[in-house]
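Reader: I should like to learn how to read the features of a structure that is new to me. Might we go through them in turn?

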Amino acid sequence: MKFILSNTWLLFLTAFLVVFPLAFPLLSFVNIVSEMLIMALFAVSLNLLIGYTGIISFGHAAFFAVGSYTVGIMLQKLSGSLPLAIPSVLLCAMIFSGIAALVIGYFCTRLTAIYFSFLTLAFSQIVYAVIIKWASFTGGDQGLIGGIPKPPLPFFGFPIDMTSPFSLYYLNVILTILSFFFLKIITDSPFGWILRSIRDNPERINFLGINVKRYQIIVFIISGVFTGLAGGLMALHLSGSYPDHAYWAKNAEPIFMIMVGGLRIFAGPILGSVIVTELSAYLSSYIQMRGLIFGGILVLLLMISREGILDVLAARWKAIKKANL
Amino acid sequence: MDLASLFNCLASPGCILGQVIGALIIAMVLFLVASGLSLILGVLGVMNFAHGCLYMLGAYYTYTVVAHFGNFGLALLLAPIGVGITGVILERFFIKRVYGLPDLYQLLLTYAFILVLDDMAKLIWGIFDLSVPVPGWFRRPPIDIMGTLVPFYYLFIMLAGAALVLGIWFFLAKTKFGKIINAAATDPEMLMCVGMNVPLVYTSVFALGSVLAGLGGVIASPLRSIVPEMGNSIIIESFIIVVIGGMGNIIGTFLVALLFGLMRSFGILGFPFFELAFIYILMAVVLIIRPSGLFGRATV
């Protein structure tokens, strides 16, 4: 309870997300906010590694794709035979991406720094190659086309029609907000503080008798599980899974969100997702130059501030508080 | 799986020779890109994500030079120089500012270069595949070696490649400049103390690495179609080679590039679609047994 009260911003966010579509049922709002939330979950999960633990995964698209394809393939193959089809496939998406994260993390955490990053990238390329080449199972470079069936979700005897974008929106809101709460609890726990100290001084933490590699693998798996959930939700949102989800350029988006929003503050990637998703919707007519614009902004950010919006604001806030004491 | 065709090939010397030559061609291009990557990583400590883009630019510059002057020899000279200049611009104006900062910023910066350079290539040269014809003086009847027809251009690549491997090795191991580069990799501060201009050494190493990647692009341009994404797969392959071969080890890089080429050209016969799996398995095994790479000395 105390925890919930100390994170009032998440409660306000939830209240707004729940109430706004009830008052103004706009399809465009529901669509873009779903995308923002899903990408925010991707970015927050990734930031658990980048911002909190200081290990940079460039291969998280692999878990996003595992989640996405798990949901897509299972729903297409099972369609309707399970009473709780959607929640069960989302759970499977989390389990499978967790297993993938265990295997990939086991190898990658043997290396440090840039080697770690590139190895994660190499593994995500394997996932991409498997998706492209195993066309009979994954649909190859076309992706899973033909739509994903969304069986109704029984809710106290009332089946909820999941094909409606509004019910899908509420599913996204519930699951992403719950994940945010869960991840926030993790980052505020002793476990989360050990992660921060690994980021700041891994040697010292090692000398204190803490198994750095084990913590890195655990956080890698947690991050992979929630990235997989984000991928699964994205498959439902798009009603399809595409090899693009595993392509390494897909990694650029959450990393960009983290950089824009702030990497030392939990809510940073969420703000980043709102800004970047809105920006890419705005830029969709310049799709050819997306990389140029995003890359250009990223270079500028790195040359000028190296901090996201919330990092800067938090530093200001601390300075003001100090001055008032 | 198609083991029969693999065994059929292994039974005939001509087929083996053909596959080995194919492997050598793959290995040469990979070696050029990977050795530049390895050099920059070893000396500057920067993992240059955009190294594949420099390779891509090498191919596009070749296309432009050949389209304007119709002379591949000129492209062989001009395109690597152009890529070298591009590399110097990137290093002087951008990468220089992130030396010594956490890895995140170096990775993100060179990653941002990929986004920018890929799109710039699309804007300048278009999104469609381009191709460079095999240069005129190589267009003569292929040579018949044990029943295998070997195109003349392949022979040129193999000879030029062998010369380059020896040349780079000699340059790094035996010349004064090579020794300065080694010193900059080991102890840049000490090097500065003895009066060397270390930033200049860094820039020249980056330029050299870029020229090597560009050269890879030039050589590959008559063999492969030129697309903006061509750098994205080679950068990962090159990285794997650097990991297995050991950072900064030119001979190790070459041997692993060769192994990579062999695995690919023979693997595609026996296990089409899965030929790349071997190299990943090899990488996983190497990482478990020797995290510093097969030929590496320092611990990573």
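Author: Let us begin with burial in chain B. Buried residues make up 48% of the 300 residues in this chain. Please keep in mind that the model is a predicted one.

Reader: What share of the residues of chain A counts as buried?

Author: For chain A, which has 325 residues, the share that counts as buried is 46%.

Reader: Which helices and strands should I look for in chain B, and in what pattern do they follow along the sequence?

Author: Chain B has 12 helices and 2 strands. Along the sequence the pattern reads α-α-α-α-α-β-β-α-α-α-α-α-α-α. The radius of gyration of chain B is 20 Å, close to the 19 Å that the globule rule gives for 300 residues, so chain B is as compact as a globular protein of that length. Its C-alpha atoms fill a box of roughly 60 × 50 × 35 Å along the principal axes.

Reader: How many helices and strands are there in chain A?

Author: In chain A there are 15 helices and 2 strands. Here the radius of gyration is 20 Å, close to the 20 Å given by the globule rule for 325 residues, so chain A is as compact as a globular protein of that length. The box filled by the C-alpha atoms of chain A is roughly 55 × 45 × 45 Å, taken along the principal axes.

Reader: What part of the contacts in each chain joins residues 24 or more positions apart?

Author: One takes the contacts with a separation of 6 or more and asks what part of them joins such residues. In chain A this part is 78%; in chain B it is 75%.

Reader: How do α2(B) and α9(B) pack, and are they roughly parallel or antiparallel?

Author: The angle between the two axes is the guide. Helix α2 (residues 13-44) of chain B and helix α9 (residues 198-220) of chain B pack at about 170°, with their axes 8 Å apart. An angle over 145 degrees counts as roughly antiparallel, and α2(B) and α9(B) are therefore roughly antiparallel to each other. Their crossing is left-handed. Among the residues that make the contact are Leu32(B), Gly36(B) and Ile40(B) of α2(B), together with Val205(B), Gly209(B) and Leu212(B) of α9(B). By class, this contact has 18 nonpolar, 5 polar and no charged residues.

Reader: At what angle do α3(B) and α5(B) pack?

Author: Helix α3 (residues 51-69) of chain B packs against helix α5 (residues 103-125) of chain B at an angle of about 15°, and their axes are 10 Å apart. That makes α3(B) roughly parallel to α5(B). The crossing of α3(B) and α5(B) is left-handed. On the side of α3(B), the residues are Cys53(B), Met56(B), Leu57(B) and Tyr60(B); they meet Phe113(B), Ile114(B), Leu117(B), Asp118(B), Ala121(B) and Trp125(B) in α5(B). This contact divides into 9 nonpolar residues, no polar residues and 1 charged residue.

Reader: Finally, how many residues of chain A are in contact with chain B?

Author: The size of an interface is often given as the accessible area lost when the parts come together. Here we may instead count residues: 31 residues of chain A are in contact with 30 residues of chain B. On the side of chain A that touches chain B, the elements giving two or more residues are α6 (113-133), α12 (249-261) and α14 (290-304) of chain A. The most comes from α6(A), with 11 residues. By class, that side of chain A divides into 22 nonpolar, 6 polar and 3 charged residues.

Definitions and conventions:
Residues are numbered from 1 along each chain as its sequence is written. Chains are lettered from A and ligands numbered from 1 in the order in which they are written. This is a predicted model: local features need pLDDT of at least 70, side-chain atom pairs count only at pLDDT 80 or more; totals for chains, interfaces and linings use all residues. Two residues are in contact if their C-beta atoms, placed from the backbone, lie within 7 Å. Helices (H or I, at least four residues) and strands (E, at least two) are DSSP runs, numbered from the N terminus. Ala, Val, Leu, Ile, Met, Phe, Trp, Tyr, Cys and Pro count as nonpolar, Asp, Glu, Lys and Arg as charged, and the others, Gly among them, as polar. Axes are lines fitted to C-alpha atoms, for helices over the stretch in contact, and angles run from 0 to 180 degrees between N-to-C directions. Angles under 35 degrees count as roughly parallel, over 145 as roughly antiparallel, 65 to 115 as roughly perpendicular and the rest as oblique. A crossing is left-handed if the near helix is turned anticlockwise from the far one by less than a right angle, and right-handed if clockwise. The radius of gyration is taken over C-alpha atoms; the globule rule is 2.2 Å times the number of residues to the power 0.38. A residue is buried if 20 or more other C-beta atoms lie within 10 Å of its own, exposed if 12 or fewer, and partly exposed in between; C-beta atoms are placed from the backbone.
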